[in-house]
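Reader: I should like to understand the reasoning behind the assignments made for this model. Please set each value against its criterion.

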Amino acid sequence: MATTILNGGTLTLTINSIARSEQITSAVLTVEQTRNAYNLIGGTKAFKVVDNNVTLAVEAIQDWTSGTSDFMDALWTASQTPDTSVPFVLTCNSQTFTGSLYPEYPAVGGAGNDALTWSVTFQCAGVPTKA
């Protein structure tokens, strides 16, 4: 079977109904499980997952415009209620992951001789659903 190699060009990120693929330079969804081990009287071990920590690390080019439909403005507005999660959809090639995350204020500005970029790791609310 041939190996399929994907690149980030197959990523689309939609946060709070604002879809962007042009501004996203990297998006990585990570699920870390906390697993406890229990030594049983019979000499065997049992393992139990007791918690999941899900994050979405994003690197993006800032797209501040004069409108309200840009990615940065949507994140700024959503961050004004930081304890309320907003929906996201991450599409990687033909795989779609749907969940919600807690917004973070985006960076504003940067070096005068470079593209304005921004990096953030969002905390997700639970484990996303894979469709």
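Reader: What stands opposite A37 in β4?

Author: In this predicted model, the residue of β4 opposite A37 is F47. Another such position is V28, which faces A57 of β4.

Reader: How do you know that strand β3 and strand β4 pair, and in which sense?

Author: Pairing requires at least two bridges between two strands. Strand β3 (residues 24–39) and strand β4 (residues 45–61) share 15 bridges, so the criterion is met; the sense is antiparallel. The two strands form a hairpin with 5 residues between them, and G43 in the turn has a positive phi of about 95°.

Reader: What makes β4 and strand β7 a pair?

Author: The criterion is again at least two bridges. Between β4 and β7 (residues 117–123) there are 7 bridges, in the antiparallel sense, and they therefore count as paired. A60 has W118 in β7 as its bridge partner.

Reader: Why are β3 and β7 said to stand at the edges?

Author: The open sheet has 3 strands in the order β3-β4-β7. β3 and β7 each have a single partner strand, so one side of each lacks a neighbour in the sheet. On average, neighbouring strands of this sheet are turned by 20° against each other, direction ignored.

Reader: Why is helix α1 called mostly covered?

Author: A residue is buried when its relative accessible area is under 20%. In α1 (residues 71–79), 7 of the 9 residues are buried, so the helix is described as mostly covered. Those buried residues are F71, M72, D73, A74, L75, A78 and S79.

Note on methods. Residues numbered from 1 in each chain as written. Predicted model: local features only at pLDDT ≥ 70, side-chain atom pairs only at ≥ 80, totals over all residues. Heavy atoms only, no water. Helix = DSSP H or I, 4+ residues; strand = E, 2+ residues; numbered from the N terminus. Buried < 20%, exposed > 50% of the residue type's maximum accessible area, 1.4 Å probe, protein only. Axes fitted to C-alpha atoms, helices over the stretch in contact; angles between N-to-C directions.
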